[in-house]
Amino acid sequence: MSKVARTGTPSSTSHPADSHDLIRVHGARENNLKDVSIELPKRRLTVFTGVSGSGKSSLVFDTIAAESQRMINETYSAFLQGFMPTLARPEVDVLDGLTTAITVDQQRMGSDPRSTVGTATDASAMLRILYSRLAKPHIGGPGAYSFNVASVSAQGGFTVDRGADKTKTEKVSFSRTGGMCTHCEGRGTVSDIDLAQLFDDSKSLNEDPFTIPTYTGDGWVVRVIRDSGFFDADKPIRKYTKKERHDFLHREPTKVKINGVNLTYEGLIPKIQKTFLSKDRESMQPHIRAFVDRAVTFQTCPDCEGSRLSEQARSSKIKRKSIADLCAMEIRDLAEWVRALKEPSVAPLLAKLRHTLESFEEIGLGYLSLDRAAGTLSGGEAQRVKMIRHLGSSLTDVTYVFDEPTIGLHPHDIQRMNNLLLRLRDKGNTVLVVEHKPEAIAIADHVVDLGPGAGTGGGSVCFEGTVEELRASDTITGRHLDDRAAVKDTVREPTGKLAIRGANAHNLKNVDVDIPLGVLTVVTGVAGSGKSSLVHGSIPADDGVVAVDQTPIRGSRRSNPATYTGLLEPIRKAFAKANGVKPALFSANSEGACPTCNGAGVVYTDLGIMASAAATCEECDGKRFEASVLDYHFGGKDISEVLAMPVTEAVEFFGAGEARTPAAHKILERLEDVGLGYLTLGQPLTTLSGGERQRLKLAVHMGDKGGVYVLDEPTTGLHLADVEQLLGLLDRLVDSGKSVIVIEHHQAVMAHADWIIDLGPGAGHEGGKVVFEGTPADLVADGSTLTGEHLARYVGGA
């Protein structure tokens, strides 16, 4: 093969294309950003730091990544854009030098109960193709091994027009072999519903017998049942005949006419299964989740033993292993099995499958199995699973955007994540990372620190430069970058103990452990060692236990701290009592709403395939309330002025004087305790950062009555300075007589603990054991576990 000879010397002038080596942002005003202008180097790793709520996500995700995605969407035809989400242009004057952005966020995966780690990463799809080619006996194509595909068959006839009034009927048949277990419909579990939790059978339909959320006496759901004509609405349910009881509980969907309206009646059990049980539990609203936990018992499907697959799919094997056996293996064991499989006929498929499985190991998720439900992954695990498809990608000059990729990682695993980020950069990509951990900040080529405070006190660039320059700077991040929490000299004495015996959920190996009460206990260990299985699976969720997990709070533009915490209720009542009117007038989601914008504060204009344009409502000037409502005052302020108050100001307002309202003051004090004093009461939840949402949820649960608080990684999304405030809050909880149990990787929290329970020594089947119990000082002195090694280095300042 010949090569073209190069002649001459390189030009001394650079090529014009090489001048585009910066991402330029000018005049960014999204959320709390204050005309931010910044230039970011391409093909470098830039870390964005700052306190929670300082504007990091607003700049990186809501401005840079959002505009990149919007501009990519605009390259498609108007027809295709009609099927895509319409994205508004961010509030920014100039965005120049953008490349294609790939966002890897912390959003939990999969609200569908059929979504698994395998389906989310295409590993299961490759296994299904492999089995359709090699498995014995052969049962069909890839769909025959899928738990999302049901077996169906049909036959009949269709009429063929032959012309000249001649027709011919031809018989046709159709069949498709699927791998779905018919008993559990591919879910792996079956539900048993406690009828006593659905209704009071001593009452009639006219006596409002239901105890199901949304099944109220005057609601449409109950009206369809009551007026369907199948029952005597005055007869107690326990006196129904056999046929009436069947119709009440199990009748198939049937058309009925009620008050001249055509509606569908369906038995109570199938309706509940479709309405509540088809959704992932984690995505349910709290009151719906409480009902499901109370009324429904989930058991492993006896037919498929939890594998989700039909008997036929499980009988087809490669080297004595069914596809269900492989999906149940830990991924690192499955990778070994695939590496040992030598089949030239499917060599390209095996190479791709091997790469995917090895990527799991590389990213520290080798302890997972492909049949693990996606909804059970933590935020950190979900983020790393999303990274799988980008490892080994041939794309270059791409902007990768990560939201705290070290969440959920033990200090031992952070170095591995750092290496992956550096590999992505070294392939010629721009890597933008929002991060709080000093170990992750240390590898940055460029650091941007936002602040100086949070909310309205943030939104400005306080620092740009290298990590060493950040250390020397006088910003809040620079001052706290080398903070080290000291191990306590004295620890609190426990007031009792919570005994756990024979815990064997997931990878736990018959663990016996005593969790001390009346102190701050930290449960730690590498990711996948069994921490959540031990705490959430073994501590009974009774009235005395308050559990705060990582599930993100959801809310629309109409939701705000006042509505989410229940604060608006006592405020509305106080306004109503002071003015002698109805409380509903003081809700922008009810009777007091501005009629022009319906209480949203903005008016949306539909622009077809382009994003809807939002403009402040001219009628209410964005205040969301009807003008007449603002004539009513309480403590000298109208309702819109109260909702515009920061929490700190509202604490004083409702704490004394004519506006004194104890119920509101108590909730506001909790918001101030978790460090959210700068938030305004009416700020939409959609504008809050991940750390702010985490603390808002903690503030709500602090109002729950319980003696034991169980917190799952409460430092998620918190700046180093915010962690200090969290530790103070935990101390106040313990000093007030509570027991606090924290699942955590942050060394500052470990050092501050009274007692540490360390699980390991590894992840998956290599973990599940208690490798240390004792005080932080004892753990540092012991030094025999991975946690002990890293904590010793941390408190030693290394």
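**Backbone exceptions, charged contacts and surface patches**

In the predicted model, Pro761 is placed in the loop that runs between strand E26 (755-760) and strand E27 (769-774). The peptide bond leading from Gly760 to Pro761 is cis, with an omega near 5°. A cis peptide bond also joins Gly451 and Pro452, where omega is about 0°, and Pro452 lies in the loop between strand E16 (446-451) and strand E17 (460-465). Most peptide bonds are trans, and most residues other than glycine have a negative phi.

Positive phi values were computed for two residues that are not glycine, Asn598 at about 55° and Glu713 at about 50°. Asn598 is found in the loop between helix H20 (568-579) and strand E22 (602-607), and Glu713 in the loop between strand E24 (708-712) and helix H25 (720-735). With a relative accessibility of 51%, Asn598 counts as exposed because the cut-off for that class is over 50%, whereas Glu713, at 8%, falls under the 20% limit and therefore counts as buried.

A search of the whole structure for salt bridges returned 37. Among them is the pair formed by the side chains of Glu358 and Arg339, with an N to O distance of 3.1 Å. This pair links distant parts of the chain, since Glu358 belongs to helix H12 (residues 347-362) and Arg339 to helix H11 (residues 331-339), 19 residues apart. Both partners are partly exposed, Glu358 with a relative accessible area of 33% and Arg339 with one of 30%. In a further salt bridge, between Arg372 and Glu381, the closest N and O atoms are 3.8 Å apart; here Arg372 is partly exposed at 27%, while Glu381 is buried at 9%.

Asp514 and Lys497 likewise form a salt bridge, their closest N and O atoms being 3.7 Å apart. Because Asp514 lies in strand E19 (residues 511-517) and Lys497 in strand E18 (residues 496-503), the pair ties together parts that are 17 residues apart in sequence. The relative accessibility of Asp514 is 24%, which places this residue in the partly exposed class, whereas Lys497 is exposed, with a relative accessible area of 55%. Elsewhere, Lys488, Arg492, Asp731, Asp735 and Asp754 are joined into one network by salt bridges that share partners.

The aromatic residues were examined for ring pairs, and the count came to 16. One of these pairs, Phe231 with Tyr240, is stacked, with 5.4 Å from centre to centre and 5° between the planes, and both of its residues are buried. Phe231 and Tyr240 also belong to a cluster linked by ring pairs, which further includes Phe199, Phe210, Tyr215, Phe230, Phe248 and Tyr265.

Two surface patches, one nonpolar and one negative, complete the description. The nonpolar patch is made by Tyr76, Phe79, Leu80 and Phe83 and covers about 480 Å². Phe83 is located in the loop between helix H2 (78-81) and strand E4 (94-96), and with a relative accessibility of 65% this residue counts as exposed. The negative patch is formed by Asp200, Glu207, Asp232 and Asp234. Glu207, one of its members, occupies the loop between strand E8 (189-193) and helix H5 (220-226) and is partly exposed, its relative accessible area being 45%.

Note on methods: Residues are numbered from 1 along each chain as its sequence is written. This is a predicted model: local features need pLDDT of at least 70, side-chain atom pairs count only at pLDDT 80 or more; totals for chains, interfaces and linings use all residues. Side-chain values use heavy atoms; hydrogens and water are left out. A salt bridge is a side-chain nitrogen of Lys or Arg within 4 Å of a carboxyl oxygen of Asp or Glu. Helices (H or I, at least four residues) and strands (E, at least two) are DSSP runs, numbered from the N terminus. Buried means under 20% relative accessible area, exposed over 50%, partly exposed in between (1.4 Å probe, protein chains only). Patches are made of residues with over 30% relative accessible area and no salt bridge: like charges are joined within 9 Å, nonpolar side chains (Val, Leu, Ile, Met, Phe, Trp, Tyr) within 5 Å. Accessible areas come from the Shrake-Rupley method with a 1.4 Å probe; for residues, only the protein chains shown count as cover. Lys and Arg count as positive and Asp and Glu as negative; His and the chain ends are not counted. The place of a charge is taken as NZ of Lys, CZ of Arg, CG of Asp or CD of Glu. Rings of Phe, Tyr and Trp (its six-membered ring) pair if their centres lie within 6.5 Å; planes under 30 degrees apart count as stacked, over 60 as edge-to-face and the rest as tilted.
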